[in-house]
Amino acid sequence: MRTQVVIIGSGPSGLLLGQLLANSGIDTVILERVDRDYVLGRVRAGVLEQGMVDLLDEAGCGARMHAEGLPHDGISLAFDSRLHRIDLAGLTGGKRVMVYGQTEVTHDLMDKREAAGLTTVYDAKNVLPQGFDTDTPFVTYEKDGVTHRIGCDFIAGCDGFHGVSRKSAPAGAIKTYERAYPFGWLGILAEVPPADHELIYANHPRGFALCSMRSAHRSRYYVQCPLDDKVEDWSDDRFWDELRRRLPPVAAERVVTGASFEKSIAPLRSFVAEPMRFGRMFLVGDAAHIVPPTGAKGLNLAASDVRYLYWGLREFYQERSTAGVDAYSARALSRVWKAVRFSWWMTTMLHRFPDTDDFGQRIQEAELDYLVHSEAASAALAENYVGLPY
Ligand code: RFL
Ligand code: PHB
């Protein structure tokens, strides 16, 4: 079997890249380790930058997002028992974000791929990118006990943080940068109306909390928790009590509680692998970098990588120029590092670290106070939150 681009991983990166390439007449095969329902069962991101919204439109997958997604013009920061709104649109000349779940984005992209009759191999085991240091790369995988081989021009490693692509890069050719944070996020989904019509990011001496949503009747909430906590340690009642304690009274009293139908704990980490290209293999999205979710940047970075790679590959096939693919790694990394910085900064400012003492807490509150009362500082947050230009 042969195709032009083998895409490893059918998360948002792989699916979006596949769709944009297909629209330009470029042939792809996606190899995915697990099945479709497993991919769709992962509850993750919820905030899309305008650039990602535009890219989904360009891919022809934006209709349901525009019908059901919630455009937001602002967010609130909560500290010292009060809410402080950051007017994202007002501070950025009208830019906003779209609240629309990653699960829904993935669903829309999968439906489009299926409708177009494009090939995705689910349950592909032992996927291995090979020969990418030559002009004739190929990928092998096993399915139902049979080994298959797909020859291609390029390999796109869209297989997430634990994928095989980054691990296949020659050890001496890759450098990684990492920061692990000494806490996690416990997140729940519940069929209850959100506490506010916009997101609330709360700094509290007991720890960080976030009020988010998926729709007018479905809420997504998070609280910072110790890394060794187990989901079983957290009954719904304990979660709701802890969440309300960390919010200002005006928000806490608007929290509607109910049974959760998803509950999980995620560790927080910053990670970057450089470069993002090894011969004819590219790393895309979480395969190359991870950010803590505090800045809502992970999925959006995946989308910006896709955009740079899609441009490069289109240029290669349409104009026979390697300029775009040659520039991919440097272009992507330049934007990645700015989002890594922003996510690290938001995380540092909003969480209680084990060594945060009362002095540290006051410094955080002073920084937040400055942030919400200085238009320049608010504008810097807003500019990064809505997404830096591609
Ligand atoms: P994914 O989504 O991990 O998809 C990778 C796919 O590759 C498959 N795979 C393999 N396939 C074949 N062979 C192998 N050897 C394979 N190994 C893995 C996997 O099964 C999977 O299907 O990576 P991708 O596509 O790069 O997308 C990245 C995003 O998923 C991620 O950045 C975001 O979810 C991060 N994130 C957030 N990002 C935002 O922009 N805004 C947010 O509000 C936001 N909130 C979050 C988040 C991530 C979270 N968690 C759980 C990490 C909130 C949370 C709690
Ligand atoms: C979410 O809705 O899951 C979400 C929103 C904002 C974040 C992280 C996660 O910063």
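1. A good place to start is the larger story around ligand 1. One of its oxygen atoms sits 2.6 Å from an N or O atom in the side chain of Glu32. Please keep in mind while reading that this is a predicted model.

2. Ser13 makes a similar approach: an N or O atom of the Ser13 side chain is 2.6 Å from an oxygen atom of ligand 1. The backbone takes part as well, with a polar backbone atom of Gly298 lying 3.2 Å from an oxygen atom of ligand 1. On its own, ligand 1 would expose 1,000 Å², and the protein buries 88% of that area.

3. Which elements give two or more residues to the shell around ligand 1? They are helix H1 (12-23) and helix H10 (298-319). Of the elements, H10 gives the most, namely three residues. In total, 32 residues surround ligand 1, and the closest are Ser13, Glu32, Arg42, Gln102 and Asp286. Sorted by class, this shell holds 15 nonpolar, 10 polar and seven charged residues.

4. Now for ligand 2. There are 14 residues around it, of which Tyr201, Ser212, Arg214, Tyr222 and Pro293 come nearest. The side chain of Ser212 places an N or O atom 2.6 Å from an oxygen atom of ligand 2. A polar side-chain atom of Arg214 is 2.8 Å from an oxygen atom of ligand 2, and a polar backbone atom of Arg44 is 3.3 Å from one. Ligand 2 has 280 Å² of accessible area when taken alone, and the protein covers 97% of it.

5. If you are colouring the model by element, the ones to pick out for ligand 2 are E14, strand E15 (209-215) and strand E16 (218-225), which each give two or more residues to its shell. E15 has the largest share, with three residues. By class, the shell around ligand 2 consists of eight nonpolar, three polar and three charged residues.

6. Asp196 deserves a quick look too. You will find Asp196 in the loop between strand E13 (175-190) and strand E14 (199-202). Is Asp196 buried or exposed? Its relative accessibility is 15%, so Asp196 counts as buried, the cut-off being under 20%. The Asp196 side chain also has a polar contact, at 3.2 Å, with the side chain of His197.

7. Towards the end of the chain comes helix H13 (residues 375-386). Its 12 residues, at 1.5 Å a residue, should span 16 Å, and the end C-alpha atoms are indeed 16 Å apart, so the expected and computed lengths agree. The buried residues of H13 are Ala377, Ser378, Leu381, Ala382, Asn384, Tyr385 and Val386. Just after the helix, Gly387 adopts a positive phi of about 110°.

8. Finally, the chain as a whole. It contains 13 helices and 20 strands, and 55% of its 390 residues count as buried. Along the principal axes, the C-alpha trace spans about 60 × 40 × 40 Å. How does the radius of gyration fit in? A compact globule of 390 residues would have a radius of gyration near 21 Å, and the chain has 21 Å, so the two agree.

Notes
Residues are numbered from 1 along each chain as its sequence is written. Chains are lettered from A and ligands numbered from 1 in the order in which they are written. This is a predicted model: local features need pLDDT of at least 70, side-chain atom pairs count only at pLDDT 80 or more; totals for chains, interfaces and linings use all residues. Side-chain values use heavy atoms; hydrogens and water are left out. Helices (H or I, at least four residues) and strands (E, at least two) are DSSP runs, numbered from the N terminus. The expected span of a helix is 1.5 Å times one less than its number of residues. Buried means under 20% relative accessible area, exposed over 50%, partly exposed in between (1.4 Å probe, protein chains only). A residue is near a molecule or strand if one of its heavy atoms lies within 4 Å of it. A polar contact is a pair of N or O atoms within 3.5 Å; within protein, one must be able to donate a hydrogen and the other to accept it, and residues adjacent in sequence count only if both atoms are side-chain atoms. Accessible areas come from the Shrake-Rupley method with a 1.4 Å probe; for residues, only the protein chains shown count as cover. Ala, Val, Leu, Ile, Met, Phe, Trp, Tyr, Cys and Pro count as nonpolar, Asp, Glu, Lys and Arg as charged, and the others, Gly among them, as polar. The radius of gyration is taken over C-alpha atoms; the globule rule is 2.2 Å times the number of residues to the power 0.38.
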